[in-house]
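Hi,

Here is the structure I promised to pass on to you. Have a look at it first, then read my notes underneath.

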Amino acid sequence: MHAIVVKNWLKGPNDMEVKDIPVPTPKSNELLVKVEATGANFFDILMVQGKYQIKPPFPFTPGAEFAGTVVSAPANCRFKTGDRVFGSNPTGAYAEYIAVPEIQCFAIPSTLSFEEAAGLYITYPTSYAGLVLRADVKKGDWVLVHAAAGGVGIAAVQIAKALGANVIAAVGNEGKFDICKAQGADHCINYREPDWTDKVMQITAGKGADVVYDPVGLVEKSLKCIAWNGRVVVVGFAAGAIEKIAANRILLKNVAVTGVHWGAYTRNEAERIPEVWEALFKLAEEGRIKPVVWDPVFEGLDKVKDALKAISNRETYGKVVVKPTSTPARL
Ligand SMILES: NC(=O)c1ccc[n+]([C@@H]2O[C@H](COP(=O)([O-])OP(=O)(O)OC[C@H]3O[C@@H](n4cnc5c(N)ncnc54)[C@H](OP(=O)(O)O)[C@@H]3O)[C@@H](O)[C@H]2O)c1
């Protein structure tokens with residue numbers, strides 16, 4: 001099969017190479033899945049450079065999210081050959097086939113395509129857990145979502161709207177306003193403008209945002225436009241810097257600053273995971289959330305580098321998806 005193979009730390013995604021390697025042999029708890037679509041992530045760039053927290057032994061195939069068709073399944077498993085599944089693994093998704101533990105897969109809801117399901121596994125539960133488990137978003141709350149057109153941001157906009165909140169989408173480029181509005185944002189602002197916190201105060205008629213969902217690293221500034229009893233959810237640091245917050249600013253408005261680390265629920269609070277997925281599948285069935293896929297979808301593993309370049313240039317919205325070309329005759 002074709003797969004991206006990394007044999008040493010690379011300067012960047014441009015140095016990634018597609019190789020012909022054997023189809024992986026699944027272990028007794030694993031599905032073999034023919035990958036129809038993969039979700040690209042910024043951390044893929046860090047991983048191939050050796051700068052990510054996970055440093056796989058060489059050689060490895062990067063890529064963490066996929067959707068595809070089950071080729072083989074262990075006995076007594078939830079899936080059978082031909083089922084449509086999506087899932088995640090730390091590595092292995094930029095390939096035509098992946099062997100992955102059954103427990104890391106879900107059935108694709110009938111309403112979703114492979115491309116839509118490819119980027120579902122990380123973004124939606126992160127945003128649901130952040131907004132519901134951590135920030136307790138309620139109907140009528142003002143929710144300010146930073147990087148609102150990005151992977152977790154667009155999911156947060158949809159989920160907050162489905163919960164009955166009023167959503168302010170904050171992005172770094174006005175060209176992204178339309179996509180945010182199409183996903184349900186009530187107001188859009190550009191956080192590259194110096195007066196964006198004033199705009200939040202105007203939009204909320206002087207109250208401020210009840211909840212700030214922050215995958216960027218804008219907590220300090222957001223405290224200027226947060227409401228009394230406001231909640232800040234620290235999701236990530238897309239801007240690169242990890243902020244240090246003056247604690248008096250948290251005290252002044254009775255603010256709660258909370259984090260969400262969805263990937264760590266598996267080892268710390270696994271019992272909360274099913275409730276998150278059940279809620280998300282229900283929202284998907286009701287048509288109240290639907291993954292947004294960046295246009296164009298990239299075709300072929302040799303285009304993964306272009307997909308990752310588009311992410312690092314901040315050009316994209318929603319999930320960036322790559323479809324590996326298939327070689328079914330090789331199995
Ligand atoms: N805590 C968790 O469990 C969890 C789970 C998933 C992801 N995350 C984190 O959440 C963050 C966003 O992930 P994502 O999947 O939504 O990424 P994404 O789709 O690549 O979106 C990131 C967005 O951040 C914005 N941004 C602001 N400043 C930026 C800068 N200096 N450089 C690049 N982008 C910048 C960009 O939007 P604008 O152009 O509109 O500013 C960009 O589109 C990442 O830091 C990721 O690690 C955390």
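Below is what turned up, starting with the ligand and ending with a few odd spots in the backbone.

Before anything else, keep in mind that this is a predicted model.

**Around the ligand**

Start by finding the ligand and looking at what surrounds it. There are 22 residues around the ligand, and those that come nearest are G151, K176, Y191, V260 and R314. By type, the shell around the ligand splits into 14 nonpolar residues, six polar ones and two charged ones. Two helices are worth colouring here: α3 (120–134) and α4 (151–162), each of which gives at least two residues to that shell.

Now zoom in on some atom pairs. Y191 has a polar side-chain atom 2.5 Å from an oxygen atom of the ligand. With V260 the backbone is involved instead: one of its N or O atoms sits 2.7 Å from a ligand nitrogen atom. F237 also takes part through a polar backbone atom, 3.4 Å from an oxygen atom of the ligand. How much of the ligand does the protein bury? On its own the ligand exposes 910 Å², and the protein buries 79% of that.

**A pair of strands**

Next, find strands β12 (residues 226–234) and β13 (residues 256–259). They run parallel and are joined by four bridges. If you want a spot to check by eye, look at V234, which stands opposite G259 in β13. To get from β12 to β13 the chain passes through helix α8 (residues 247–252), making a right-handed β-α-β crossover.

**The annotated domain**

The UniProt record, an unreviewed entry, annotates residues 12–322 as "domain: Enoyl reductase (ER)". In the model, that span is 29% helix and 24% strand, and its end C-alpha atoms lie 18 Å apart.

**Odd spots in the backbone**

Some background for this part: most peptide bonds are trans, and most residues other than glycine have a negative phi. Where does this chain depart from that?

- F58 and P59 are joined by a cis peptide bond, with omega about -15°. You'll find P59 in the loop between α1 (42–49) and β4 (65–72).
- The bond from D295 to P296 is cis too, with omega near 15°. P296 is in the loop between α10 (273–285) and β14 (298–299).
- N76 is not a glycine, yet its phi is positive, at about 55°. Look for N76 in the loop between β4 and β5 (84–88).

Have fun clicking around!

Notes: Residues are numbered from 1 along each chain as its sequence is written. This is a predicted model: local features need pLDDT of at least 70, side-chain atom pairs count only at pLDDT 80 or more; totals for chains, interfaces and linings use all residues. Side-chain values use heavy atoms; hydrogens and water are left out. A residue is near a molecule or strand if one of its heavy atoms lies within 4 Å of it. A polar contact is a pair of N or O atoms within 3.5 Å; within protein, one must be able to donate a hydrogen and the other to accept it, and residues adjacent in sequence count only if both atoms are side-chain atoms. Accessible areas come from the Shrake-Rupley method with a 1.4 Å probe; for residues, only the protein chains shown count as cover. Ala, Val, Leu, Ile, Met, Phe, Trp, Tyr, Cys and Pro count as nonpolar, Asp, Glu, Lys and Arg as charged, and the others, Gly among them, as polar. Two strands pair if DSSP finds at least two bridges between them. A crossover is right-handed if, with the strands pointing away from the viewer, the path from the first strand over the helix to the second runs clockwise. UniProt positions are given in the numbering used here, feature names are shortened, and annotations may be inferred rather than shown by experiment.
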